[in-house]
Amino acid sequence: LCEAIGVDPRNAVPIFDTLEAQSLIARTSDQTDRRKRAVVITTAGRTTVDELRRTGAALDHDLLAGLTDHQRTTLHRLLLKVFDTIVDNNHSTITMPAQPADRSAASRT
């Protein structure tokens, strides 16, 4: 799973914890091996993915509006090459940012 989503396994648990806390995924015991955990996307997770895809498509459209189809294809090919180079060099780790401080107490003072 980590390889498929481009996450270093050392960083996976905090990411999955965050996604589970937001009800975007669910972790259950694997039916064939109870030592393993199965990760499934929830309905809320699928809705979020759909929203992100729509938002991404709109951003792509706006960002790339000044490029011809040929230029877009070239840019896409070059970005994939950069990505593949990063993955091949094992620099494709994703870390979770620190959680923002609870500002609710400060706002009451």
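Colleague: Why is Asp-17 called partly exposed?

Modeller: This is a predicted model, and in it Asp-17 has a relative accessible area of 36%. Partly exposed covers the range between under 20% and over 50%. The value falls in that range, so Asp-17 is partly exposed.

Colleague: What makes Asp-17 and Arg-27 a salt bridge?

Modeller: The side chains meet at 2.5 Å, N to O. The cut-off is within 4 Å, so the pair counts. Asp-17 lies in helix α2 and Arg-27 in strand β1, so the salt bridge ties together parts that are 10 residues apart in sequence.

Colleague: How do you know that Glu-20 and Arg-27 meet in a salt bridge?

Modeller: Their N to O value is 2.7 Å. That also satisfies the rule of within 4 Å. As for cover, Glu-20 has 30% relative accessibility and counts as partly exposed.

Colleague: What joins Asp-17, Glu-20 and Arg-27 into one network?

Modeller: Shared partners do. Arg-27 meets Asp-17 in one salt bridge and Glu-20 in another. The three residues therefore form one network.

Colleague: How many salt bridges are there by this rule?

Modeller: The count comes to 4. Among them is Asp-8 with Arg-10, whose closest N and O atoms are 2.5 Å apart.

Colleague: Are Asp-8 and Arg-10 buried or exposed?

Modeller: Asp-8 has 13% relative accessibility. Buried means under 20%, so Asp-8 is buried. Arg-10 has a relative accessible area of 70%. Exposed means over 50%, so Arg-10 is exposed.

Colleague: What makes the set with Cys-2 and Val-7 a nonpolar core?

Modeller: The residues are Cys-2, Val-7, Ala-12, Ile-15, Phe-16 and Ile-25. A core needs buried residues of listed nonpolar types, joined through side-chain atoms within 4.5 Å. These 6 residues make up the largest such core. Its largest share, 3 residues, comes from α2. In soluble globular proteins, nonpolar side chains tend to be buried together.

Colleague: Which residues does Cys-2 touch beyond four places away in sequence?

Modeller: Cys-2 touches Val-7, Pro-9 and Ala-12.

Colleague: Where is Ser-23, and why is Ser-23 called partly exposed?

Modeller: Ser-23 sits in the loop between α2 (9-21) and β1 (25-29). Its relative accessibility is 43%. That is neither under 20% nor over 50%, so Ser-23 is partly exposed. Phi of Ser-23 is near 60 degrees, a positive value in a residue other than glycine.

Colleague: What pattern does the protein follow along the sequence?

Modeller: The order is α-α-β-β-α-α-α, with 5 helices and 2 strands. Of the 109 residues, 13% are buried.

Key:
Residues are numbered from 1 along each chain as its sequence is written. This is a predicted model: local features need pLDDT of at least 70, side-chain atom pairs count only at pLDDT 80 or more; totals for chains, interfaces and linings use all residues. Side-chain values use heavy atoms; hydrogens and water are left out. Helices (H or I, at least four residues) and strands (E, at least two) are DSSP runs, numbered from the N terminus. Buried means under 20% relative accessible area, exposed over 50%, partly exposed in between (1.4 Å probe, protein chains only). Contact means heavy atoms within 4.5 Å.
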